[in-house]
There are 2 protein chains.
Amino acid sequence: MATIPHEPLSPDALSIGSGWQAQKSASTRTQIIEAAITCLVELGYGRTTTTVIAKKAGLSRGAMLHHFPSKMDIIRAAVEYLHAKRLRAFRKAMAKEPTDGDHVRLGIEGYWSHVKHPWFVAFFEISVAARTDKELAAILFPAQEAFEREWYETSLELFPEWKRKGENFMLGFDLTRYVIEGMGISFLTHKETERDKRVLRYLETKLKELADEDR
Amino acid sequence: MATIPHEPLSPDALSIGSGWQAQKSASTRTQIIEAAITCLVELGYGRTTTTVIAKKAGLSRGAMLHHFPSKMDIIRAAVEYLHAKRLRAFRKAMAKEPTDGDHVRLGIEGYWSHVKHPWFVAFFEISVAARTDKELAAILFPAQEAFEREWYETSLELFPEWKRKGENFMLGFDLTRYVIEGMGISFLTHKETERDKRVLRYLETKLKELADEDR
DNA sequence: CTTGAAAAAGTCAAGAGTGTTTGAAACAGG
DNA sequence: CCTGTTTCAAACACTCTTGACTTTTTCAAG
């Protein structure tokens with residue numbers, strides 16, 4: 001009678017399935033989510049339809065809509081999934097001590113790799129769509145904000161010596177963000193060139209200058 | 001019998017109408033194109049449908065499809081229109097002698113204004129859609145490339161003293177492009193902050209340093 | 001005034017996409 | 001073995017979009 005399940009599919013997460021008949025359900029859910037992300041990357045937001053997602057996930061559309069009643073539910077789950085994945089990957093990349101002790105270079109290379117990753121592309125597609133879709137924006141914004149905050153915190157940990165004077169740190173942070181994201185957008189349609197590498201190297205020296213000024 | 005018009009609507013342009021019964025036709029065409037651009041800005045590429053464009057242009061859909069047989073024809077015309085408009089506006093902005101003789105600042109402010117303009121937003125929407133749409137890409141790429149080349153040439157004219165050694169000039173060019181476009185993308189969903197202005201001021205000083213090094 | 005072509009408007013069918021509903025198969029617990 | 005729940009599948013109804021087709025209006029030329 002009651003349509004509310006007793007335990008599974010409860011609030012949100014993908015993996016709270018505490019050993020029931022199915023954590024297969026969770027498996028299917030991630031399968032769907034990853035198919036959706038693949039579609040975002042390969043087809044863009046506009047052409048990402050429930051039909052295509054289901055086909056790519058190897059499920060019938062009906063089966064898929066059992067797990068996610070509406071398309072927006074899939075997107076919502078994908079945003080959460082992407083947010084978690086991106087954050088984990090970024091932290092992991094930043095956590096390891098650079099072999100040459102060069103934290104600045106590590107930070108730049110790390111974010112540049114991050115921006116070239118399909119996950120960023122998927123996130124980007126959703127971001128662009130969200131500009132003209134209030135419902136999407138409501139879903140995306142919290143995750144986007146959380147990511148930026150987390151990234152900022154992580155960077156602060158990476159450069160503890162910058163913690164005193166935030167002025168230059170913020171400037172370096174913003175500069176890096178804009179340069180690399182600008183390059184990332186360009187990278188969506190063009191190849192990475194020698195000129196791009198030169199920009200990154202230049203950025204690196206400038207960040208180090210900013211750090212020294214602050215010392 | 002023959003469906004080929006005698007003179008009007010010939011190849012492409014919008015204004016070759018040499019005083020016939022209608023250069024009203026041309027007027028209507030630009031009306032449609034501008035409506036399409038407005039839709040791109042307000043609704044995004046995905047929701048820009050022929051129905052909405054016609055409504056925004058104040059025409060019946062049938063009338064519109066008389067001027068542009070298919071939707072892609074409208075987009076194609078919009079790309080050409082945007083390309084021409086952006087180029088003209090950019091050149092005009094760069095052409096005027098800065099009151100304080102500060103060409104670098106003029107260039108930065110000029111491109112930053114350019115990126116904040118709706119025309120850039122429309123172009124951007126098409127660009128993103130073109131990533132996963134070969135047909136669109138075929139339309140967009142030539143215009144995009146031409147614009148970048150033109151912009152580069154214009155910049156060279158603006159800084160003739162940099163013409164000798166292209167190394168630093170290119171670096172400054174790329175850096176500026178990436179920073180400002182990165183900021184522009186961010187600006188699509190966020191407001192311009194004091195931090196952004198600081199980045200622009202920093203960029204300005206760095207460009208001048210690059211120029212001095214090259215002297 | 002007549003005429004014919006272009007502009008504008010309206011109608012139509014086909015297709016795609018979404019979400020709901022209905023039905024079957026798998027499976028745990030009594 | 002039976003029952004109720006969960007997963008999966010299929011069919012349906014509805015809307016939206018597109019492009020083709022048909023009709024009306026405008027207007028310059030003869």
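His83(A) touches Phe123(A), Ala143(A), Ala146(A) and Phe147(A), once residues up to four places away in sequence are set aside. This histidine sits in helix α4 of chain A, and with a relative accessible area of 18% His83(A) falls under the 20% cut-off, so it counts as buried. Keep in mind that this is a predicted model. Here's a rundown of what else it shows, from single residues up to the pairing of the chains.

**More on His83(A) and the α4 helices**

- One of the His83(A) neighbours also offers a polar partner: the backbone oxygen of Ala143(A) is 3.5 Å from a polar atom of the His83(A) side chain.
- Over in chain B, Leu87(B) has its place in helix α4, which covers residues 71-95.
- Leu87(B) comes out at 12% relative accessibility, so it counts as buried.
- Not counting residues up to four places away in sequence, Leu87(B) touches Phe147(B) and Glu150(B).
- For a sense of how the chain folds back, take Leu87(B) and Glu148(B): they are 61 residues apart in sequence, yet their C-alpha atoms are 9.6 Å apart in space.

**Two residues from the earlier helices**

- His67(A) belongs to helix α3 of chain A, residues 61-67.
- With 14% relative accessibility, His67(A) is another residue that counts as buried.
- Leaving out neighbours within four places in sequence, His67(A) is in contact with Ser25(A), Thr28(A), Arg29(A) and Ile32(A).
- Lys56(B) is part of helix α2 of chain B, residues 50-57, and at 42% relative accessibility Lys56(B) counts as partly exposed.
- The contacts of Lys56(B), neighbours within four places aside, are Ala35(B), Thr38(B), Cys39(B) and Glu42(B).
- With Glu42(B) there's a polar link too: the side chains of Lys56(B) and Glu42(B) are joined by a polar contact of 2.9 Å.
- Lys56(B) and Ile32(B) are 24 residues apart in sequence and 8.2 Å apart in space, C-alpha to C-alpha.

**Helix α5**

- In chain A, α5 runs over residues 103-116; at 1.5 Å a residue its 14 residues should span 20 Å, and the end C-alpha atoms are indeed 20 Å apart, so the two agree.
- Asp102(A) caps the N-terminal end of α5(A), with a side-chain oxygen 3.3 Å from the backbone nitrogen of Val104(A).
- Buried residues in α5(A) include Val104(A), Leu106(A), Ile108(A), Tyr111(A), Trp112(A) and His114(A).
- The cover over the buried residues of α5(A) includes α4 (71-95), α6 (118-130), α7 (134-158), α8 (166-189) and α9 (194-213) of chain A.

**How α5 and α8 pack in chain B**

- Two packed helices are described by the angle between their axes and the distance between the axes.
- For α5 and α8 of chain B, the angle is about 30° and the axes are 9 Å apart.
- The crossing of α5(B) past α8(B) is right-handed.
- On the α5(B) side, the residues that meet α8(B) are Ile108(B), Tyr111(B), Trp112(B), Val115(B) and Lys116(B).
- Their partners in α8(B) are Arg177(B), Ile180(B), Glu181(B), Met183(B), Gly184(B) and Phe187(B).

**Helix α9 of chain B**

- This helix takes in residues 194-213, which makes 20 residues, and reaches 29 Å from its first C-alpha to its last, close to the 28 Å expected at 1.5 Å a residue.
- At the start of α9(B), a side-chain oxygen of Thr193(B) comes to within 3.3 Å of the backbone nitrogen of Arg195(B).
- Among the buried residues of α9(B) are Asp196(B), Glu204(B) and Lys206(B), along with Val199(B), Leu200(B), Leu203(B) and Leu207(B).
- The packing takes in both chains: the buried residues of α9(B) lie against α8 and α9 of chain A, together with α5 and α8 of chain B.

**The chain as a whole, and the pair**

- Chain A has nine helices and zero strands.
- Of its 215 residues, 48% count as buried in chain A.
- In chain A, among contacts between residues at least 6 apart in sequence, 63% join residues at least 24 apart.
- A turn of 180° with a shift of 0.0 Å along the axis lays chain A on chain B with an RMSD of 0.1 Å.
- The two copies are thus related as by a two-fold rotation axis.
- The copies meet through the same surface, because 100% of the interface residues of chain A are also interface residues in chain B.

Methods:
Residues numbered from 1 in each chain as written. Chains lettered and ligands numbered in written order. Predicted model: local features only at pLDDT ≥ 70, side-chain atom pairs only at ≥ 80, totals over all residues. Heavy atoms only, no water. Least-squares fit on C-alpha atoms with pLDDT ≥ 70 in both. Contact = heavy atoms within 4.5 Å. Helix = DSSP H or I, 4+ residues; strand = E, 2+ residues; numbered from the N terminus. Expected span 1.5 Å × (residues − 1). Buried < 20%, exposed > 50% of the residue type's maximum accessible area, 1.4 Å probe, protein only. Polar contact = N/O pair within 3.5 Å; in protein donor to acceptor, adjacent residues only side chain to side chain. Axes fitted to C-alpha atoms, helices over the stretch in contact; angles between N-to-C directions. Left-handed = near helix turned anticlockwise from the far one by under 90°.
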